Amino acid sequence: MKKEIIEDILMEIENTSEFKKTYKNIVPIWTDVKQFPACAVMYESEEKERDNITNSKAYYVGKIGIFVFNKQSKTSYEDILSDLIEEIYSVIENIRWTKHKIIDATVSQMKRDGGIVHPYAIANIIVEIRYIKSI
């Protein structure tokens, strides 16, 4: 199911036509990204929670990292990430999570570099998902 979730998110991101390059379950070193803007989606981690050891169901909490890469001219100092970040938020809010039996999916965290690696700009968006699975 993790693979299908990543594929669905990536497909929805590609459908926005905002990104020239996408990466699935791999995050490249920012200096190796050659087409901008670019986006990488990776299923980072997962935890299992059980209320009762005799219960045949478990709650899973997964974290998906979405990395946004962009580049501007060396003489420009503009915000080149905000619109792309908002596009990712929109994708996450509008995706059909029910087909994966996900009971909750939300952006739980966002970090951006703030121009430290100028002319590159990088953002990391964490999506937290919760689902129930029979075990």
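Is Ile-103 buried or exposed? In this predicted model, Ile-103 turns out to be exposed, with a relative accessible area of 53%. That puts Ile-103 past the cut-off, because a residue has to be over 50% to earn the word. Ile-103 sits in strand S4, which covers residues 102-112. Ile-103 also has company out there: together with Tyr-59 and Ile-132, Ile-103 makes up a nonpolar patch on the surface. Added together, the accessible area of Tyr-59, Ile-103 and Ile-132 is about 260 Å².

Now for the aromatic rings. A pair of rings is described by two things, the distance of the centres and the angle of the planes. The count for this structure comes to three aromatic pairs. One of them is made by Phe-36 and Tyr-120, with 5.8 Å from centre to centre and 55 degrees between the planes. This pair is called tilted, because an angle of 55 degrees is neither under 30 (stacked) nor over 60 (edge-to-face). Phe-36 belongs to the loop between strand S1 (21-24) and strand S2 (38-49), while Tyr-120 belongs to strand S5 (residues 120-134), so the pair ties together parts that are 84 residues apart in sequence. Both Phe-36 and Tyr-120 are buried. Trp-30 comes into the story as well, since ring pairs link Trp-30, Phe-36 and Tyr-120 into a cluster.

Another pair is formed by Tyr-60 and Tyr-131. Here the ring centres are 5.2 Å apart and the planes are at 10 degrees, so this pair counts as stacked. It also links distant parts of the chain, with Tyr-60 in strand S3 (residues 57-71) and Tyr-131 in strand S5, 71 residues apart. What about cover? Tyr-60 is buried, at a relative accessible area of 10%, and Tyr-131 is buried too, at 2%. Both values earn that word because buried means under 20%.

Tyr-60 has a further partner, this time a charged one. The charged end of Lys-133 sits over the ring of Tyr-60, 5.7 Å from the ring centre. A similar arrangement turns up at Tyr-23, where the charged end of Lys-21 sits over the ring at 5.3 Å from its centre.

The backbone has a few details to point out as well. Phe-36, already met in the tilted pair, is joined to Pro-37 by a cis peptide bond, with omega at about -10 degrees. Pro-37 lies in the loop between S1 and S2. There is another cis peptide bond from His-118 to Pro-119, and there omega is near 15 degrees. Pro-119 is found in the loop between S4 and S5.

Then there is the matter of phi. Which value does phi take at Ser-17? It is near 60 degrees, a positive value in a residue other than glycine. Ser-17 has its place in the loop between helix H1 (2-15) and S1, and Ser-17 is exposed, with a relative accessible area of 64%. Lys-101 also has phi near 60 degrees, again a positive value in a residue that isn't glycine. Lys-101 is part of the loop between helix H2 (82-94) and S4. With a relative accessible area of 65%, Lys-101 is exposed.

How values were computed: Residues numbered from 1 in each chain as written. Predicted model: local features only at pLDDT ≥ 70, side-chain atom pairs only at ≥ 80, totals over all residues. Heavy atoms only, no water. Phe/Tyr/Trp six-rings, centres within 6.5 Å; stacked < 30°, edge-to-face > 60°. Helix = DSSP H or I, 4+ residues; strand = E, 2+ residues; numbered from the N terminus. Buried < 20%, exposed > 50% of the residue type's maximum accessible area, 1.4 Å probe, protein only. Lys NZ or Arg CZ within 6 Å of the ring centre and 35° of its normal. Patch = residues over 30% accessible without salt bridge, like charges linked within 9 Å, V, L, I, M, F, W, Y side chains within 5 Å. Areas by Shrake-Rupley, 256 points an atom, 1.4 Å probe, with all protein chains shown as cover. Salt bridge = Lys/Arg side-chain N within 4 Å of Asp/Glu carboxyl O.
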